[in-house]
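Biologist: Before I use the labels attached to this structure, I would like to hear the reasons behind them.

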Amino acid sequence: MEKQTMNLTRFLIEEQRKYPHASGVFTELFSEIALAAKIISREVNKAGLVDILGYTGSKNVTGDEVKKLDLFANNTMKHILCRGGNVIGLASEEEEEAVQCERGKYLVVFDPLDGSSNIDVNVSIGTIFGIYNKMDDFVDEKQFMRPGRELVAAGYIIYGSSTMFVYSTGNGVHGFTLDPSVGEFILSHKDIKIPKKGKIFSINTGNYKKWDEKLKNYIDFITTPDKKTQRPYSLRYIGSLVADFHRNLLYGGIFLYPKDMAHPNGKLRLLYEAQPLAFIVEQAGGYASDGYTPILDKVPHDIHERTPLFIGSIENVKELEQFLQK
Ligand code: P6P
């Protein structure tokens with residue numbers, strides 16, 4: 001019975017009660033992110049019906065074609081967070097520079113709508129966010145050049161067959177499913193734990209010829225039949241990071257976006273994609289690295305820095321590291 005009545009706000013308030021000194025600002029901030037998520041979810045779910053599909057004809061700072069929903073999601077997150085009085089500054093994939101807000105205790109990093117290349121074909125997409133304590137009231141890029149271990153919270157929203165809000169404040173990972181009829185995120189996945197080892201691997205094998213030999217050796221190993229070690233693994237790749245990550249979080253497995261000849265530092269972003277998801281996966285008992293260094297130990301040198309990303313079940317990621325470090 002408890003699950004039906006436990007919504008995100010109540011869960012956060014009950015979580016907050018464990019910290020007598022908590023001011024409630026954090027709960028307020030999460031409620032603002034949840035509001036943005038509901039608004040974005042509404043637009044994503046009706047995208048096929050109104051002329052919001054298609055490209056704006058502009059490119060974002062990182063050169064990706066920007067879809068109208070990307071801009072809508074970015075502006076929604078930016079306006080709600082910057083006006084809420086809890087966020088002093090933010091960094092977004094769609095903003096070239098750090099954004100200064102009026103006042104607040106926190107910094108927020110986010111990818112407003114990851115996987116947007118899938119919008120037109122109704123494949124699940126998502127929002128990824130991370131929250132840091134501010135260091136200064138003046139916000140510039142330097143405030144974001146810190147290891148992901150300093151995150152105080154992180155999460156993602158996946159806009160799929162249902163809209164789910166998954167987050168951690170450092171006390172486990174919890175998932176909430178949006179009930180559109182009442183506009184509430186209802187607790188559906190309490191204390192998510194990723195299996196220690198999984199049989200799913202997620203990588204764009206179309207890039208095989210561009211990979212270095214050690215990665216090819218790993219992929220050849222996990223696709224070589226061997227009953228004793230449950231090989232071959234199964235390939236599942238949606239091409240939408242949040243969707244691929246979410247499936248592997250629940251089922252176990254490894255997601256890989258390595259560096260290759262086209263992406264010498266990998267394709268995915270350290271600050272607002274890899275670090276928040278690494279925070280989540282470690283809280284769920286998993287692990288994330290760039291093949292050599294834990295993602296949460298890496299310090300970005302600029303807001304849009306890319307990184308190779310290997311993330312998921314700890315035994316799978318450690319097995320991958322052994323191949324790369326041979
Ligand atoms: P590729 C989507 O464009 C994205 O940023 C991630 O969501 C996804 O994991 C990755 O790129 C897919 O990249 O090169 O395999 O199409």
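Modeller: What follows is a set of questions about labels, each answered from a value and a cut-off.

Biologist: What kind of model is this?

Modeller: The model is predicted.

Biologist: Why is threonine 127 called buried?

Modeller: Buried means under 20% relative accessible area. Threonine 127 has a relative accessible area of 0%, so it counts as buried. Threonine 127 sits in strand β6, residues 125-133.

Biologist: What makes the approach of threonine 127 to proline 112 a polar contact?

Modeller: A polar atom of the threonine 127 side chain is 2.7 Å from the backbone oxygen of proline 112. The cut-off for a pair of N or O atoms is 3.5 Å, and 2.7 Å is within 3.5 Å, so the distance fits a polar contact.

Biologist: Why is leucine 35 called partly exposed?

Modeller: Partly exposed is the range between buried, under 20%, and exposed, over 50%. The relative accessible area of leucine 35 is 42%, so it is partly exposed. Leucine 35 belongs to helix α3. Its C-alpha atom is 16 Å from that of glycine 175, with the two positions 140 residues apart along the chain.

Biologist: How do you know that lysine 38 is partly exposed?

Modeller: Lysine 38 has 28% relative accessibility, and the partly exposed range starts where buried, under 20%, ends, so lysine 38 counts as partly exposed. Lysine 38 is also in helix α3, residues 25-45. The C-alpha atoms of lysine 38 and methionine 164 are 10.0 Å apart, and the two residues are 126 residues apart along the chain.

Biologist: What puts leucine 71 in its exposure class?

Modeller: Leucine 71 has a relative accessible area of 33%, so it is partly exposed. Helix α4, residues 68-83, contains leucine 71. From leucine 71 to glutamate 95 is 24 residues in sequence and 10.0 Å in space, C-alpha to C-alpha.

Biologist: How many aromatic pairs does the whole structure hold?

Modeller: A search finds 15 aromatic pairs. One of them joins phenylalanine 11 and phenylalanine 176.

Biologist: Why is the pair of phenylalanine 11 and phenylalanine 176 called edge-to-face?

Modeller: Ring centres must lie within 6.5 Å, and planes over 60 degrees apart count as edge-to-face. The centres of phenylalanine 11 and phenylalanine 176 are 5.3 Å apart and the planes are at 70°, so the pair is edge-to-face.

Biologist: What does that pair tie together?

Modeller: Phenylalanine 11 is in helix α2 (residues 8-16) and phenylalanine 176 in strand β9 (residues 173-179), so the pair ties together parts 165 residues apart in sequence. Both phenylalanine 11 and phenylalanine 176 are buried.

Biologist: What makes phenylalanine 165 and tyrosine 167 a pair, and of which kind?

Modeller: The ring centres of phenylalanine 165 and tyrosine 167 are 6.2 Å apart with planes at 70°, so the pair is edge-to-face. Phenylalanine 165 and tyrosine 167 are both buried. Ring pairs link these residues into a cluster that includes Phe11, Phe165, Tyr167 and Phe176.

Biologist: How do you know which side chains make polar contacts with the ligand?

Modeller: A polar side-chain atom of tyrosine 237 is 2.6 Å from a ligand oxygen. The value for asparagine 204 is 2.9 Å, and for lysine 267 it is 3.0 Å. With the cut-off at 3.5 Å, the three distances therefore count as polar contacts. Taken alone the ligand exposes 400 Å², of which the protein buries 79%.

Biologist: Which residue types and domains make up the shell around the ligand?

Modeller: The shell divides into five nonpolar, five polar and two charged residues. At least three residues come from each of domain 1 (8-189) and domain 2 (200-324).

Biologist: Why are some backbone angles singled out?

Modeller: Most residues other than glycine have a negative phi, and most peptide bonds are trans. Aspartate 191 is not a glycine and has a positive phi of about 55°. Aspartate 191 is in the loop between β10 (184-189) and β11 (200-202), and its 40% relative accessibility makes it partly exposed. Glutamine 230 also has a positive phi, near 55°, and lies in the loop between α5 and β12. Arginine 231 and proline 232 are joined by a cis peptide bond, with omega about 5°.

Notes:
Residues are numbered from 1 along each chain as its sequence is written. This is a predicted model: local features need pLDDT of at least 70, side-chain atom pairs count only at pLDDT 80 or more; totals for chains, interfaces and linings use all residues. Side-chain values use heavy atoms; hydrogens and water are left out. Helices (H or I, at least four residues) and strands (E, at least two) are DSSP runs, numbered from the N terminus. Buried means under 20% relative accessible area, exposed over 50%, partly exposed in between (1.4 Å probe, protein chains only). A polar contact is a pair of N or O atoms within 3.5 Å; within protein, one must be able to donate a hydrogen and the other to accept it, and residues adjacent in sequence count only if both atoms are side-chain atoms. Accessible areas come from the Shrake-Rupley method with a 1.4 Å probe; for residues, only the protein chains shown count as cover. Ala, Val, Leu, Ile, Met, Phe, Trp, Tyr, Cys and Pro count as nonpolar, Asp, Glu, Lys and Arg as charged, and the others, Gly among them, as polar. Domain bounds come from an automatic or database domain assignment. Rings of Phe, Tyr and Trp (its six-membered ring) pair if their centres lie within 6.5 Å; planes under 30 degrees apart count as stacked, over 60 as edge-to-face and the rest as tilted.
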